[in-house]
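User: I'm new to this one, so could you bring it up and walk me through it?

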Amino acid sequence: MLTNKTILITGGTGSFGKSFTKYVLTHYAPKKIIIYSRDEFKQWAMADEFQEYAEKLRFFIGDVRDLERLKRACEGVDYIVHAAALKQVPACEYNPNEAIKTNIHGAMNVIDAALDCGVHKVVALSTDKAVNPVNLYGGTKLVSDKLFVAANAYVGNKDVSFSIVRYGNVAGSRGSIIPLFDRIIKEGGTELPITDVRMTRFWISLTEGIELVIKALAEAKGGETFISKIPSFRVTDLAEAMLPGCKLKEIGIRPGEKLHEIMVTTEDSATTYEYDKHFIVYPQMTWNSRQQPDLSGKKVAEGFSYSSGSNTEWLSVEDIRERLKEI
């Protein structure tokens with residue numbers, strides 16, 4: 001599917017971008033992968049890391065806020081994976097205008113560039129924080145999601161579609177709880193901070209996130225939101241898995257934080273279908289004949305929601321300990 005294709009990754013020097021690039025180069029034979037980002041040092045470091053694939057990689061310094069630069073980068077591109085975003089909740093709260101420029105205006109620019117440059121498919125990365133948002137980051141990503149769904153109204157006769165992949169924090173990613181606990185333990189700490197002992201999260205690995213994006217690139221017809229079926233874990237069990245018998249210090253939920261991750265709301269249940277390993281939330285409105293749902297799935301019950309707090313699959317302390325070995 002990606003063989004002999006040109007792929008552009010916005011925010012391509014991030015954790016996802018680097019891992020996605022390595023996965024595609026390992027499993028497919030793409031014509032070219034374009035890394036589009038604004039950090040020249042990260043691009044230099046990535047180019048050095050991927051020296052053996054130099055003939056397949058191109059590095060574009062640019063910002064998703066810059067439509068003209070983005071259009072230049074999109075020339076001849078078959079697929080776009082849109083991963084660029086301002087993601088840190090406190091930074092977005094303190095710099096709301098900047099978050100809006102990157103996460104909302106940037107999304108609009110990606111859509112315009114794809115429509116104007118003949119791109120075949122666009123998959124945008126979303127987040128659980130876009131579901132019933134309680135902070136500015138979540139609010140901007142909700143708007144971004146809506147823009148990518150509605151972009152299918154403007155394709156006309158063009159062979160292009162826009163869809164979304166949604167998941168929460170990747171296990172072990174920067175800014176998540178696992179690196180925090182790991183640092184405390186390595187420094188000799190015996191007490192781990194817990195915002196709330198009731199807190200739960202979904203567990204998704206970087207590889208699982210990448211495979212969901214590949215599925216969306218292969219199967220999306222326009223406007224879908226793809227969500228993996230993954231296990232939940234209790235943060236208290238994570239602490240026990242990382243430091244058996246540790247003391248826990250409950251410090252209270254931070255501003256903009258939720259007790260549980262929610263991927264599908266009860267309001268979305270009317271257009272949500274369940275498949276073997278994933279859910280798809282189909283758009284409530286469609287704008288072209290290609291936007292047909294895959295009815296091989298099972299429509300979820302009215303009022304269904306997919307939350308880490310009410311999931312049917314849970315990781316035990318030992319399960320978590322085994323998965324930590326892979327990070």
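User: Let me start with one residue: is Tyr282 buried or exposed?

Analyst: Tyr282 counts as buried, at 9% relative accessibility; buried means under 20% relative accessible area, exposed over 50% and partly exposed in between, calculated with a 1.4 Å probe on protein chains only. Please keep in mind that this is a predicted model, in which local features need pLDDT of at least 70, side-chain atom pairs count only at pLDDT 80 or more, and totals for chains, interfaces and linings use all residues. Residues are numbered from 1 along each chain as its sequence is written, and side-chain values use heavy atoms, with hydrogens and water left out.

User: How many aromatic pairs does the structure hold?

Analyst: The structure holds 8 aromatic pairs, where rings of Phe, Tyr and Trp (its six-membered ring) pair if their centres lie within 6.5 Å, and planes under 30 degrees apart count as stacked, over 60 as edge-to-face and the rest as tilted. Trp203 and Phe233 form one of them, an edge-to-face pair with 5.5 Å from centre to centre and 75° between the planes.

User: Where in the chain do those two come from?

Analyst: They come from distant parts of the chain, 30 residues apart: Trp203 is in the loop between strand 8 (200–202) and helix 8 (206–219), while Phe233 belongs to strand 10 (residues 232–234). Helices (H or I, at least four residues) and strands (E, at least two) are DSSP runs, numbered from the N terminus. Trp203 is buried, with a relative accessible area of 4%, and Phe233 is also counted as buried, at 5% relative accessibility.

User: And which pair does Tyr282 form?

Analyst: Tyr282 forms an aromatic pair with Tyr273, again edge-to-face, with 5.7 Å between the centres and 80° between the planes. Tyr273 counts as buried too, at 16% relative accessibility.

User: Which residues form an aromatic cluster?

Analyst: Phe202, Phe279, Phe304 and Tyr306 form one aromatic cluster. Phe279 also has a charged neighbour, since Lys229 lies over the face of its ring, at 5.7 Å from the ring centre. Elsewhere, the charged end of Arg234 sits over the ring of Trp314, 4.2 Å from its centre. A charge is said to sit over a ring if NZ of Lys or CZ of Arg is within 6 Å of the ring centre and within 35 degrees of the ring normal.

User: What is Val300 in contact with?

Analyst: Leaving aside neighbours within four places in sequence, Val300 is in contact with Ser269, Thr272, Tyr273, Glu274 and Phe279, where contact means heavy atoms within 4.5 Å. Val300 is found in the loop between strand 15 (298–299) and strand 16 (306–307), and Val300 is buried, with a relative accessible area of 8%. Its C-alpha atom is separated by 6.3 Å from that of Glu274, although the two residues are 26 apart along the chain.

User: Switching to helices, at what angle do helix 7 and helix 9 pack?

Analyst: Helix 7 (residues 177–186) and helix 9 (residues 235–242) pack at about 35°, with their axes 11 Å apart; the axes are lines fitted to C-alpha atoms, for helices over the stretch in contact, and angles run from 0 to 180 degrees between N-to-C directions. From helix 7, Ile177, Ile178, Phe181, Asp182 and Ile185 meet Val235, Leu238, Ala239 and Met242 of helix 9.

User: How much of helix 9 is buried?

Analyst: In helix 9, 6 of the 8 residues are buried, so this helix is largely enclosed by the rest of the structure. The buried residues are Val235, Asp237, Leu238, Ala239, Ala241 and Met242, and what covers them includes helix 7, strand 7 (191–194), strand 10, strand 11 (247–250) and helix 10 (317–324).

User: Anything to say about backbone angles, say what phi Asn4 has?

Analyst: Most residues other than glycine have a negative phi, and most peptide bonds are trans. Asn4 has a positive phi of about 60° although it is not a glycine; Asn4 is placed in the segment before strand 1 and counts as exposed, at 54% relative accessibility. Asn132 also has a positive phi, near 45°, and is found in the loop between strand 5 (121–127) and helix 6 (136–150), where Asn132 counts as partly exposed at 45% relative accessibility.

User: Last one: where does Val122 lie?

Analyst: Val122 lies in strand 5 and is buried, with a relative accessible area of 0%. Apart from neighbours within four places in sequence, Val122 is in contact with Ile80, Val110, Ala114, Phe148, Ser161, Phe162 and Ser163.
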